[in-house]
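Ready for a short set of exercises? Try each task on your own before you read the worked solution below it.

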Amino acid sequence: TSKVEFIQAFFNAKSDHSYALPGNESKDQWDMIQVIVDLIDSAKYSVDLVAYDLQNMRVGSALAAAKRRGCRVRVITDIIHREHAPRFNIPMWDTLRNAGIISFDDAGTIYWPDGRIEALPKKLSNSGANLHHKFAVIDKLSADPDDYYVWTGTMNLTYTGNWNTNATLLIKDSGIADAYFEEFEQMWGSNTAIPDPKKARFHKDKKNVSNNLHYVNDIKVEVYFSPMDRDKTKPSISERVTYLIDNYCKHDARFIAFAISPNIAISEALLRRSARGEIRLF
């Protein structure tokens with residue numbers, strides 16, 4: 001396991017530091033694209049990136065540079081956004097292709113460096129059902145678990161993502177890196193540099209990762225990936241969060257989301273408990 005473990009949170013909006021513990025002030029008003037660029041630039045062995053929408057050329061240039069200095073670089077995207085807004089996306093795919101990087105999408109399409117686009121006779125099930133991941137696993141090819149990093153969060157790797165209000169995490173923990181890497185490889189369909197569409201699993205075909213419970217030093221961390229699988233054997237993220245609200249929340253809940261639907265279980269639990277005066281809701 002990692003000898004050094006930590007979680008760093010980055011925000012691009014201004015924070016009120018008066019709420020922070022001494023020495024634990026948040027990293028606010030941050031250039032969060034630079035965080036992942038620096039991480040990719042630090043890679044010595046491998047970069048595995050999955051992005052709902054990949055447009056930002058600072059990231060694309062970092063991926064190309066990593067490939068050219070000998071790292072294995074693998075990229076997964078959502079097919080809808082791969083084909084979206086060509087004036088933004090064409091430079092990205094040209095940059096990756098010219099660097100020799102293979103990319104893959106949730107339809108099972110392989111985009112080869114020589115310009116070939118190899119599509120399945122029939123797209124993978126639920127193709128284009130918003131592969132909403134944004135995470136990167138760094139240096140899992142290394143034999144030393146202390147080299148592993150995970151980058152993840154709410155920010156899409158677009159030109160506007162760094163300006164919209166977002167939060168990202170940089171995690172140094174080999175167990176959590178293993179979970180994210182396992183999630184990546186079941187979508188990639190292989191453990192090599194070349195994806196295998198016949199074995200690739202996306203959306204409801206994905207299985208649960210081997211370990212959902214981790215500790216970063218003494219901090220308990222639970223890692224889940226959506227959506228539910230077809231057999232409904234994966235832990236339900238909605239059920240887990242609702243259970244925590246109903247059974248663990250004692251004083252207040254601070255909830256932030258891009259959109260809040262009033263008729264889902266999480267929202268109903270928050271509204272129910274706050275309406276009864278049991279917790280304060282922010």
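**Exercise 1.** In the hairpin of β4 and β5, find which residue takes a positive phi, and say how many residues lie between the strands.

*Solution.* Keep in mind that this is a predicted model. Begin with the link: four residues lie between β4 and β5. Now look at the backbone there: G108 has a positive phi near 90°. Next, check the pairing, where β4 and β5 (residues 110–111) run antiparallel and are joined by two bridges. As a last step, pick out a pair: S103 has Y111 in β5 as its bridge partner.

**Exercise 2.** Find out how strand β3 runs relative to β4, parallel or antiparallel, and then decide whether the residues of β4 are buried or exposed.

*Solution.* Start with β3 (residues 72–77): it runs parallel to β4, and four bridges join the two. One pair to locate is I76 with its partner F104 in β4. Then turn to the two faces of β4 (residues 102–105). I102 and F104 lie on one side, S103 and D105 on the other, and all of them are buried. Both faces of β4 are thus covered.

**Exercise 3.** Describe how helices α1 and α2 pack, giving the angle and the distance between their axes.

*Solution.* First the geometry: α1 (residues 32–42) and α2 (residues 57–68) pack at an angle of about 5°, with axes 9 Å apart. Angles under 35 degrees count as roughly parallel, so α1 is roughly parallel to α2. Then list the residues that meet: α1 brings I33, Q34, I36, V37, I40 and D41, and α2 brings R58, V59, A62, L63 and A66. Sorted by class, this contact has eight nonpolar, one polar and two charged residues.

**Exercise 4.** Which residues have the most contacts inside the largest nonpolar core?

*Solution.* This core has 33 residues, and L54, V59, L63 and L157 have the most contacts inside it. Next, ask where the residues come from: α1 gives the largest share, seven residues. Finally, zoom in on V59, which touches I33, I36, V37, I40, L49, L54 and L157, leaving aside residues up to four places away in sequence.

**Exercise 5.** Work out how α6 and α7 are arranged, and which residues make their contact.

*Solution.* The axes of α6 (residues 237–247) and α7 (residues 265–275) come within 8 Å and cross at roughly 10°. The two helices α6 and α7 are therefore roughly parallel to each other. On the α6 side, the contact is made by S238, V241, T242, I245 and D246. On the α7 side, A265, I266, A269, L270, R272 and R273 take part. By class, that gives six nonpolar, two polar and three charged residues.

Note on methods:
Residues are numbered from 1 along each chain as its sequence is written. This is a predicted model: local features need pLDDT of at least 70, side-chain atom pairs count only at pLDDT 80 or more; totals for chains, interfaces and linings use all residues. Side-chain values use heavy atoms; hydrogens and water are left out. Buried means under 20% relative accessible area, exposed over 50%, partly exposed in between (1.4 Å probe, protein chains only). Two strands pair if DSSP finds at least two bridges between them. Axes are lines fitted to C-alpha atoms, for helices over the stretch in contact, and angles run from 0 to 180 degrees between N-to-C directions. Angles under 35 degrees count as roughly parallel, over 145 as roughly antiparallel, 65 to 115 as roughly perpendicular and the rest as oblique. Contact means heavy atoms within 4.5 Å. Ala, Val, Leu, Ile, Met, Phe, Trp, Tyr, Cys and Pro count as nonpolar, Asp, Glu, Lys and Arg as charged, and the others, Gly among them, as polar. A nonpolar core is a set of buried Ala, Val, Leu, Ile, Met, Phe, Trp, Tyr and Cys residues joined through side-chain atoms within 4.5 Å.
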